[in-house]
Amino acid sequence: MNEIFDFLRSEGIEETTLTHLEDFRRQYPVNDTQTYRVPQPKYRYYGAEVWRKALAALLAGENLLLVGPKATGKNVLAENLAAVFARPQWDISFYLNTDAASLIGTDTFKNGEVTFRRGPIYQCAAEGGFGVLDEINMAKNESLSVLHATLDFRHIIDVPGYDRIELAPCTRFIATMNYGYAGTREINEALASRFMVINMPVISADNLEKLMLAQHPALRQEYAHQLAELFQELRAKCDSSEISTKALDLRGLLAAVGLTQQGLTLDEALEMGIVNKSFDDFERQLVSDVIAARIPAGLDESKLFNK
């Protein structure tokens, strides 16, 4: 707990908020059978303003909707929030065929009897978990209507033919959505009204530099800076429609740095993690040119990292 609270202090979160977090964790200890679900984030989310808003909403008992373009850290923030509150996390992915049964549960046979197999929303509600509703605008609105009573002031799940359960008071739901992806749609007003909404800002060069140095402490500062600026330049080209967002892959950038510790040069690793995410020859060449302008060819582990 001390480590993650120290991180929040470094982000400028007030002591009053941290005290409320400690009180929450003491009031709602995790069931021993669910401790394996409490996340241990690989990445930290950097962005003090977003942290302040998200913590305030969840402490007040609200649900969150994180909205923003690709590579803004929506899922990273959701995982970090579950870790900060020390709650088990359920990841619920949405797609066009998502229906009530896949969310709440369905009948199944067990020991020759018809029993109810609890879905992820039911399990999350019963255990007081944090449910991450990933890409919520991929599902049909009619399938999401089953969540209305779960997400609003009623805090219940009514299972036809079985039972009506009340959500544990520490249950929270964090939904994420992108605009403009194939298959996405606008969520209806009734569902949107059940969330507090944060428009996720793009990660700044300074925060991206911090993130890379947190993941790779031995990375030389000058190259962390160049990689952060490289990502910002790729984002600018995406914003101006010179290239698609396929190459704007933050996970790929971070993974590429790690590949250099396995014998690849940085330009080879960036080709795998960034350039080849696009399947258009012209676009790949554009991205390669941007990388070549900032990253020297043949840069290997011995030059990239401090010994």
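This report describes salt bridges and the largest pocket in a predicted model.

## Salt bridges overall

Across the whole structure, the search identifies ten salt bridges. Three of these contacts are described below, among them two that involve Arg 9.

## The network around Arg 9

Arg 9 and Asp 6 are paired through their side chains in a salt bridge, with an N to O distance of 3.1 Å. Both residues belong to helix α1, which spans residues 2-10. Asp 6 and Arg 9 are three residues apart, a spacing of about one turn of the helix.

Arg 9 also forms a salt bridge with Glu 15, where the closest N and O atoms are 2.6 Å apart. As for solvent exposure, Arg 9 has a relative accessible area of 36% and is therefore classed as partly exposed, since that class lies between the 20% and 50% limits. Asp 6 is likewise partly exposed, at 45% relative accessibility. Glu 15 has a relative accessible area of 41%, so this residue too is partly exposed.

## The pair in helix α3

A further salt bridge joins the side chains of Glu 49 and Arg 52, at 3.3 Å from N to O. Helix α3, covering residues 48-59, contains both partners. Glu 49 and Arg 52 are separated by three residues in numbering, about one turn of the helix. Glu 49 is partly exposed because its relative accessible area is 44%. Arg 52, with a relative accessible area of 37%, is also partly exposed.

Salt bridges with shared partners connect Asp 6, Arg 9 and Glu 15 into one network.

## The largest pocket

The largest pocket has a volume of about 520 Å³. Its lining is made up of 23 residues. Those nearest the centre of the pocket are Ala 71, Thr 72, Gly 73, Lys 74 and Arg 251. Two helices, α4 (74-84) and α12 (250-259), are the elements that each give two or more residues to this lining.

Sorted by class, the lining of the largest pocket comprises 13 nonpolar residues, four polar residues and six charged residues. Among the residues nearest the centre, Lys 74 and Arg 251 count as charged and Ala 71 as nonpolar, whereas Gly 73 and Thr 72 count as polar.

Terms used
Residues are numbered from 1 along each chain as its sequence is written. This is a predicted model: local features need pLDDT of at least 70, side-chain atom pairs count only at pLDDT 80 or more; totals for chains, interfaces and linings use all residues. Side-chain values use heavy atoms; hydrogens and water are left out. A salt bridge is a side-chain nitrogen of Lys or Arg within 4 Å of a carboxyl oxygen of Asp or Glu. Helices (H or I, at least four residues) and strands (E, at least two) are DSSP runs, numbered from the N terminus. Buried means under 20% relative accessible area, exposed over 50%, partly exposed in between (1.4 Å probe, protein chains only). On a 1 Å grid over the protein atoms alone, a cavity is a set of points where a 1.4 Å probe fits but cannot get out, and a pocket is an open set with protein on both sides within 12 Å along at least five of seven lines; lining residues have an atom within 4 Å of a point. Grid points are joined across faces, edges and corners, and a volume is the space filled by probe spheres set on the points.
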